[in-house]
Amino acid sequence: MASPKARAGRAAALHRRAEATATAAAAILDEIRPAPADHHRQYELAERLRAAAALAAPGWAGDPLETLTPTSPPGDGPPSFVRVGTAAPLDDARFPALVPLLGSGHLSVDADAGDPRVAGLLRALLLRLFAASPAGALLARAVDGGLVATLAGYAPLADAGLLPPPATDLTGFRAVLAEAEQWVAAGTARQRGHDRTLLLVVAALPDGAAPSDLDRLAELAAQGPRAGLHLVVAGWPDSVPLPQATPLAVRTAYALVGDPPAAGFSGPGAEPPGGLNCPVFLDEDPPEELVAGVCRRLVRQIEDGSRLALTDLLPDGELWAEGSVDGLVTTVGDAAGRPVSLGFTELTPHWLVSGRSQAGRSAFLTDALFGLAARYGPDELILYLADLDDGESFVEFLQTERDRSWVPQVRAAGMAADREYVADLFGELEAELRRREEAARRAGGQRYAELRQHQSLPRIVCVIDNFPLLLRERDRLATDLLARLDALARAARSYGIHLVLAGEGDLGIGGPRDPLLGQFPVRVALPGGSAVLEPTNDSAAGLPVGSAVVNTAGGLGGPRGATRGHERMIRFPDPHENPEVLADLRHRLWSARPEGAAPPVVFAGFARPLLANDPRHRAALAGRAHAPAALLGRAVDVRRSTVAVPLGPAAGRNLAVLGRDDEAERLLVTAVRSAAAAHPGAARFVLAPLANGSAEPAGVLAAELAGRHRVETVDVIGLRAAMAADEPGYLVVFGLDVPDATELPPELLRALLLEGPPAGRHLLGWWRTVAPLAGLLGPEGEVDKLTAVAVTDVPGGRLEQLFDRPVLWRPRPGRAVLWDGPGEQGTVLVPFGEGVTP
Ligand SMILES: Nc1ncnc2c1ncn2[C@@H]1O[C@H](COP(=O)(O)OP(=O)(O)OP(=O)(O)O)[C@@H](O)[C@H]1O
């Protein structure tokens, strides 16, 4: 989609080039005077004319057709001269007979396509002109009132819009005339004319064509060339010359080419009839395969050329030239050659985007987000991106191993995100909303636009793809999330916070009357995405990939066929078609980032964090630990917080890991490892590997800690002794549920949990079943008074005896949950994976 300015510029350049070629060729032709009597000169002349023709009409325009194939390249623009046949002043002195046509005049033929030679000539001419012009630079209209379909071989060009089916009757003929007249009017009015050339081919006039119709043709011939209209009229009566046309007269065995409009063949002042005074053998019918091959190439090139590119959606000028006070707007696609904009304002605050899998949903979102990121700098726009489906998403916005650049507006991204990630994301947005509401209140009830005059408050766009996965389980978490979404969507619109929910079907947010839907006036229906439109609105039915219906009235339809101001059918580019363009744009955005900008915080649900890479652990290893703590993993949250259990000198600062799986055992090991790193100076570690199979991990741990700490490995008797002693340190127990351990006096354990920490003694223990841990609770319950609890594969239902309240926890691989503190909801985390500690 080149801009009109660029197209006009290109047209002007082509026009200048055509003019230059015509002048050069005319000069050569001028030099040449036929001298029929002298054979020797005839040969020489033919030779020179052959050379001139090769210059004036190279390739498709003038070479013999048998030397051309569908892959022979076109020229830079429509050719100025075209071959009509072979001139033969003598049997063996021949040269191509050229006529000036595109860019200068017309061709008239005195017989119509009922004469097979004329039909062949027209087919050859059309082939040459189309094949010599870059795809799309030449358009044609045809009139064929004869009995045979002269141009049937060119039918494939109809779909590409290059040559519609010829008009065969009077009505069609007149419609073509009207269209050509319009073309001339438009082309003449716009000083510089069209950037494309229109060729009108009349193979045979239809029955009933009146003199007034011929007058219209003559008028078109007179006015056309200035507007890029050229005519080839077969069956034009001899009597009146067609203005600005080279006449061609068909005789029995050959044809005669008359003088072209501006320059006579016979030179100035020559006697009539003038013209090329030798017979011309008209070009023969081109082979069908050649016509078919060229048509196929043109159609393919037109299709490729009409494909949009991401660059078509980007602003022409500088990056970040827009301000977002009044809203965000970007080009999301193209409707009938016009860019279509879509944005976020208070009236159109949130979007729903729906499409079946592989319908181009991520393509659409990527287009829109890059469009925004190119227009609005990080002071104007912040992006949060989340995708609940498995797999890598949004990678084009983020740092990768190989490419460390990122899109600076992106604050955080979550791929393969858990529902808890989205819950936390809502929390971030709610907190920001409260900050903005508070700022507005403090400023005496100012609105967002007013607040922006003295505060930096970028608009925030939060995208959640595969949103239905959030609601797949209709449990308390889902209900809670929906309620928060509703409140957020309502309030956030006035404070520059915008939501884009994307996914399949109706996205799971209720029927058409759900009030939540009312908060999302912008609906984008991709293929299979009709469910976000009103049930009676079928405008998205049968959409091909790469297109979408964009509706800004909550999916409302309208009368069929009527123009709908609130709805457009758009095409959008596949941003991944050209990965270099995407990478280049990311680099440009990244290079423009403000000093000190931090890369997006990325949560990848499928990845395991490593203790060795954890910032808090690294700080501890570097001797900068804030306080002793056991680290368990990274929270499923937007900031990727390290999940830590502080082990300070207060009652209950212990850790109970609860679970049957290896994950639970690993959690204990990492907790101990990190606590050891965070402990100031040397500490005492008593390891009690009571559970089957725990001797080995305990042994590895002991060896690792021994470098800096005092480590003892004990059995249950040694453990009991250590519990009873007053010496500060960490008691690490693998399997507090084994029969031996359950015989330890519960009061002793309780006392340790309560009174140990203030005296520097902490228990880090692993239980595989709930009951022995629950057995330590006093009559009032309150497990949080005794210990923090990290759980892996024990479902919420079984934890109620421990927490004495309903607990929401559905175990899943690679996740654990920590309760630390009274009334805690539980923090879901990704436990640290196996990794080498530096
Ligand atoms: N504008 C477009 N024109 C043509 N093809 C496109 C266009 N956009 C995307 N595609 C192609 O469609 C396929 C699906 O695109 P995309 O990954 O964006 O879909 P999706 O709906 O996000 O799929 P899923 O949700 O299953 O991951 C890709 O192969 C992509 O190349």
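In which sense do β1 and strand β2 pair, and over how many bridges? Select residues 81-90 and 93-100 in this predicted model. The two strands are antiparallel, and seven bridges link them.

**Strand β1 and its partners**

Stay on β1 and follow the chain into β2: the connection is a hairpin of two residues. Pick R83 in β1, then look across to β2, where L98 stands opposite. Next add residues 280-282, strand β9, to the selection. β9 also runs antiparallel to β1, with three bridges between them. To see one of these positions, select G85, whose bridge partner in β9 is L282. Now colour β1 by burial: seven of its 10 residues are buried, so the strand counts as mostly covered. In a regular strand, side chains point alternately to one face of the sheet and the other.

**The nonpolar cores**

Move to A630, L632 and A790. These residues have the most contacts inside the largest nonpolar core, which has 158 residues. Select 662-678 next: this is helix α13, which gives the core 10 residues, the most of any contributor. The core also reaches across a domain assignment, drawing at least three residues from each of domain 2 (340-604) and domain 3 (611-831).

Centre the view on L632. Leaving aside residues up to four places away in sequence, L632 touches ten-odd positions worth displaying, including V643, V645, L667, T670 and A671. A790, A816, L818, L829 and P831 are also in contact with L632. Another core, of 82 residues, lies apart from the largest one; select A52, A132, Y154 and L163 to find part of it. Nonpolar side chains tend to be buried together in soluble globular proteins.

**Around the ligand**

Select the ligand and show its surroundings. The shell holds 14 residues, and R361, S362, A363, G546 and D574 are the closest. By class, the shell divides into five nonpolar, seven polar and two charged residues.

**Two residues with positive phi**

Most residues other than glycine have a negative phi. Go to W320, in the loop between α6 (288-306) and β10 (328-335). The phi of W320 is positive, near 60°. Then go to L507, in the loop between β16 (497-503) and β17 (522-525). Phi is positive here too, near 65°.

Is each residue buried or partly exposed? W320 counts as partly exposed because it has 19 C-beta neighbours inside 10 Å, and 20 or more are needed for a buried residue. L507 has 23 such neighbours inside 10 Å and therefore counts as buried.

Definitions and conventions:
Residues numbered from 1 in each chain as written. Predicted model: local features only at pLDDT ≥ 70, side-chain atom pairs only at ≥ 80, totals over all residues. Buried ≥ 20, exposed ≤ 12 C-beta atoms within 10 Å, placed from the backbone. Helix = DSSP H or I, 4+ residues; strand = E, 2+ residues; numbered from the N terminus. Pairing = 2+ DSSP bridges. Core = buried A, V, L, I, M, F, W, Y, C linked by C-beta atoms within 7 Å. Domains from an automatic or database assignment. Contact = placed C-beta atoms within 7 Å. Near = placed C-beta within 6 Å. Nonpolar A, V, L, I, M, F, W, Y, C, P; charged D, E, K, R; others polar.
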